[in-house]
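Got your viewer open and a selection box ready? Load the model below and follow along, one selection at a time.

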Amino acid sequence: MSGNTFGTLFCVTNFGESHGPAIGCVIDGCPPGMALSEADIQGDLDRRRPGTSKFVTQRSEPDAVEILSGVYEGKTTGTPIALLIRNTDQRSKDYGNILQTFRPGHADYAYWQKYGIRDPRGGGRSSARLTAPTVAAGAVARKWLKERYGVTFKACMTQIGDVVIPFESWDHVPHNPFFAPVADVSVLEDYMNALRKSGDSCGARLRVTAQGMPVGLGQPLYDKLDADIAYAMMGLNAVKGVEIGAGFASVTQRGSTHGDALTPEGFVGNNAGGTLGGISTGQDLDVSIAIKPTSSILIPRDSIDVAGAPTEVITKGRHDPCVGIRAAPIIEALLALVVMDHALRHRAQCGDVKVETPDIAAAGRG
């Protein structure tokens, strides 16, 4: 299987399976001299890890990260950084009933047809468990970008199933299990309790931003910053749609209002989502994603077995009724990886470019 490495100069190779002994990644291209310890990474992993509330999978993993290489006396050396996260709470017997069948909505059938072999335990390589190494690598990128440019990343849930979540303040996001930007999440709790009792699942919409962005990251034509953002987000399990800035709302806008006017004081609006011509403008990167309903549900569904005969599948085990609930730290990490890679590429090609036109202030949505 190929396709496990992301990035051009800041390259992250992801390895492992959901029920294997460990998962992890190797980061190639991190600049030397940055202070780095497990504590710099663990906080983001703790925000993503399973078992943190009754609304997510009850698989209990500490997700404790180990730095195996690339750091000497507390600083990065410029050599590959190997990060390891051991699996400790596998329950492979839950998947014994799907050894010869394919779960609807999962990658089982496609994997079988492509490789002629698959690991059914927890989804194997297609499991969302493999997002943990992505979050770990993203934490390294976030630290460098914060120290070098002052860039920060934050994400929130804006819709879960039928429930649209109004934006009140980023301050609320760390204080509820939904990463919701509202003070009162009782409506979301009631919705998810009813969903769990029904044995069904739902999708979600999330928003992620990068603030404090430098101008000039990204390259036309095929390496546009927004194109790579979309590529990265679509690499996340269950993502079915990506919007940059105004996104699909651009369809009903007029050119007279969609184009973000420039003034000496700054941009007026951010319909572009922080990129023009695939290059960062210094405005906030503003991205939204749509996540499909969890495919692992307790409701019986029609499928086939490996012989092509009809059968019925019930997916047992411990699963998120909405995989979007734990997605906020993951999409922050993915956006950080894209920005980090483009920052290094920009430094390599255009690091000595100077213009007299001043940077103008960014306009965000709060």
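Start by selecting Thr275: is this residue buried or exposed? Thr275 is buried, because its relative accessible area is 4% (buried means under 20% relative accessible area, exposed over 50%, partly exposed in between, with a 1.4 Å probe and protein chains only). Before you go further, keep in mind that this is a predicted model, where local features need pLDDT of at least 70, side-chain atom pairs count only at pLDDT 80 or more, and totals for chains, interfaces and linings use all residues. Residues are numbered from 1 along each chain as its sequence is written, and side-chain values use heavy atoms, with hydrogens and water left out.

Stay on Thr275, which sits in strand 14 (residues 275-276). Helices (H or I, at least four residues) and strands (E, at least two) are DSSP runs, numbered from the N terminus. Now show the side chain of Asp226: a polar contact of 3.3 Å joins it to the side chain of Thr275 (a pair of N or O atoms within 3.5 Å; within protein, one must be able to donate a hydrogen and the other to accept it, and residues adjacent in sequence count only if both atoms are side-chain atoms). Leaving out residues up to four places away in sequence, Thr275 touches Leu225, Asp226, Ile244, Ser280, Thr281 and Leu285, where contact means heavy atoms within 4.5 Å.

Zoom out for the whole fold. You should count 7 helices and 18 strands. The radius of gyration is 21 Å, close to the 21 Å that the globule rule gives for 366 residues, so the protein is as compact as a globular protein of that length. That radius is taken over C-alpha atoms, and the rule is 2.2 Å times the number of residues to the power 0.38. Along the principal axes, the C-alpha atoms fill a box of roughly 70 × 50 × 40 Å. Buried residues make up 49% of the 366. Of the contacts between residues at least 6 apart in sequence, 71% join residues at least 24 apart.

Next, the charged pairs. Side chains of opposite charge can pair when their charged atoms come close. The structure holds 17 salt bridges (a side-chain nitrogen of Lys or Arg within 4 Å of a carboxyl oxygen of Asp or Glu).

- Select Asp63 and Arg48: their side chains meet in a salt bridge at 3.1 Å, N to O. The pair links distant parts of the chain, with Asp63 in the loop between helix 1 (38-48) and strand 4 (65-67) and Arg48 in helix 1, 15 residues apart. Both Asp63 and Arg48 are buried.
- Go to Lys143 and Glu147, a salt bridge of 2.7 Å, N to O. Both lie in helix 3, 4 residues apart, about one turn of the helix. Lys143 is buried at 17% relative accessible area, whereas Glu147 is exposed at 52%.
- Try Asp320 and Arg326, paired at 3.0 Å, N to O. Asp320 counts as buried at 8% relative accessibility, and Arg326 is buried at 10%.
- Then select Asp44, Arg47, Arg142 and Glu332: salt bridges that share partners join these residues into one network.

Last stop: Arg121, in the loop between helix 2 and helix 3 (131-149). What is its exposure class? Arg121 is partly exposed, with a relative accessible area of 30%. Draw a distance to Thr101: the two are 20 residues apart in sequence and 13 Å apart in space, C-alpha to C-alpha.
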